[in-house]
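Please open the structure in your viewer and keep the selection tool at hand. We will go from place to place, and at each stop you will be told what to select and what is there.

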Amino acid sequence: MIEKTIRVSKTEMQDELQKLLVKYGFTNEYALLIAKTHTESTLFGVNSHGINRIPLFIEYIKKGIININAKAEKVETFGSIERWDGNFGSGVINAIRCTDRAVELAKAHGMGLVALRNTNHWMRGGSYGHQAAEAGCISILFTNTQPNMPPWGGKDSRIGNNPFIVSIPRENGHIVLDMAISQFSFGKINDYKLKGEKLPFFGGWDDNDELSKDPKKISLKERGLPIGFWKGSALSIILDMLATILSAGNSTYRISQNEIETGISQVYLCIYPEVFNDKALQEKLLNEIIDYTHNVEPIHAEDKTYYPGERSLKRKAENLKNGISVNKGIWDKIMSL
């Protein structure tokens, strides 16, 4: 059955989520940070990693997977490179702290890297790309995950869809690439399932080992399709290796030993472009690339080309004006919690 959607204002969503999180034990400060992050993600149109994740997030708190009182702590430092331990706290709180620290290191050294272990799902990785860009930094961020894709040529899932983020600050709208290494994130696959729609492209394998556009069939065993087929498979493995060795944390293999995804490893790399003292030139070069991309003739007259993050900014403006579109079943569940 296709669920109906309703419109919720940004203020209402953030206030209700903050109250809910306080009810489940978070301090007002932490509850506000998490509520803001989930609301902003939904405002950008990424419901899959915003409002839709709240019921599961609460379930993980109940099960003790997420330590509501924990926060990331620095355990080793090597100049502009640091290792941190998330102590199994909220992935959102840990990600905000580690992004802030990578920005601090970048502004002190030109570049800064924080490798984080023992954390939880950071929800929408693009949130921290925007955070770095707002602070004037370029960022390269990535995380490993539980196994949800087969390595190319394999039958069972052994690699993660390891989200990868790159952001570049820009006066007329930050550039933010936020993508899973699977063709569709599983949050997005669930979005299509809630709407009762098929995926527009193949997204994974069904029980008969055939590529499928059916979100229900793909979700049964979580066997996503890597972007670029064998190239995405290789990229997933490399990102897992880097996150693991830089943080001295868990690999996708070790994460797979848990019944529920937890104890993941992440990397936060920030670069401070103002060290070059040519901000006007940087803006000019970025705009040249964007203009050149925009000016291509579309294959279909009604289509348009976009730079990474541009459509999200457009959706944010629309949602601020009209209210945020939310699945009614999800919202009712949150209200009942």
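## First stop: a loop residue and its contacts

Select Ser48 and then the residues that it touches, which, leaving aside residues up to four places away in sequence, are Arg53, Gly187, Lys188 and Asp191. Bear in mind throughout the tour that you are looking at a predicted model. Ser48 sits in the loop between α2 and α3, and with a relative accessible area of 4% Ser48 is buried, because buried means under 20%.

## Along helix α3

Now select α3, which covers residues 54-62, and colour its buried residues, namely Ile54, Pro55, Phe57, Ile58 and Ile61. When you look down the axis of α3, these buried residues fall within an arc of 160°, so they line one face of the helix. In general, an α-helix has 3.6 residues a turn, so residues three or four places apart point the same way. What do the buried residues of α3 pack against? Show α1 (10-23), α2 and α12 (328-336), for these are the helices against which they pack. Just after α3 you can select Gly64, which takes a positive phi of about 80°.

## The second largest pocket

Next, select Thr37, Glu40, Ser127, His130 and Gln131, around the centre of the second largest pocket, which holds about 400 Å³ of space. Of the 15 residues that line this pocket, those five are the closest to its centre. If you then show α2 (28-43), α5 (126-134) and α11 (310-322), you will have the helices that each supply at least two residues of the lining. Which of them gives the largest share of the lining? That share belongs to α5, with five residues. Colouring the lining by class gives five nonpolar, five polar and five charged residues.

## Two cysteines without a bond

Move on to Cys137 and Cys270, and display their sulfur atoms. Cys137 is in no disulfide, and the nearest cysteine sulfur, that of Cys270, is 5.2 Å away. A disulfide requires the two sulfur atoms to be within 2.5 Å, so this pair does not qualify. Are these two residues buried or exposed? Cys137 is buried, with a relative accessible area of 0%, and Cys270, at 0% relative accessibility, counts as buried too. A search of the whole structure finds zero disulfides.

## The loop between β8 and β9

Select Asp206, which lies in the loop between β8 (204-205) and β9 (211-212). Asp206 is buried, with a relative accessible area of 11%, and, not counting residues up to four places away in sequence, Asp206 touches Ser212, Lys217 and Arg223. To see a long distance across the model, draw a line from the C-alpha of Asp206 to that of Leu113: the two are 39 Å apart in space and 93 residues apart in sequence.

In the loop between β8 and β9 you can also select Asp209, which is partly exposed, with a relative accessible area of 34%. The phi of Asp209 is near 60°, a positive value in a residue other than glycine. As background, most residues other than glycine have a negative phi.

## Last stop: between α7 and α8

Finally, select Glu222, which is found in the loop between α7 (215-221) and α8 (230-247). Glu222 also has a positive phi, near 50°, in a residue other than glycine, and at 27% relative accessibility Glu222 counts as partly exposed.

Methods. Residues are numbered from 1 along each chain as its sequence is written. This is a predicted model: local features need pLDDT of at least 70, side-chain atom pairs count only at pLDDT 80 or more; totals for chains, interfaces and linings use all residues. Side-chain values use heavy atoms; hydrogens and water are left out. On a 1 Å grid over the protein atoms alone, a cavity is a set of points where a 1.4 Å probe fits but cannot get out, and a pocket is an open set with protein on both sides within 12 Å along at least five of seven lines; lining residues have an atom within 4 Å of a point. Grid points are joined across faces, edges and corners, and a volume is the space filled by probe spheres set on the points. Helices (H or I, at least four residues) and strands (E, at least two) are DSSP runs, numbered from the N terminus. Ala, Val, Leu, Ile, Met, Phe, Trp, Tyr, Cys and Pro count as nonpolar, Asp, Glu, Lys and Arg as charged, and the others, Gly among them, as polar. Buried means under 20% relative accessible area, exposed over 50%, partly exposed in between (1.4 Å probe, protein chains only). The arc is that of the directions from the helix axis to the C-beta atoms. Contact means heavy atoms within 4.5 Å.
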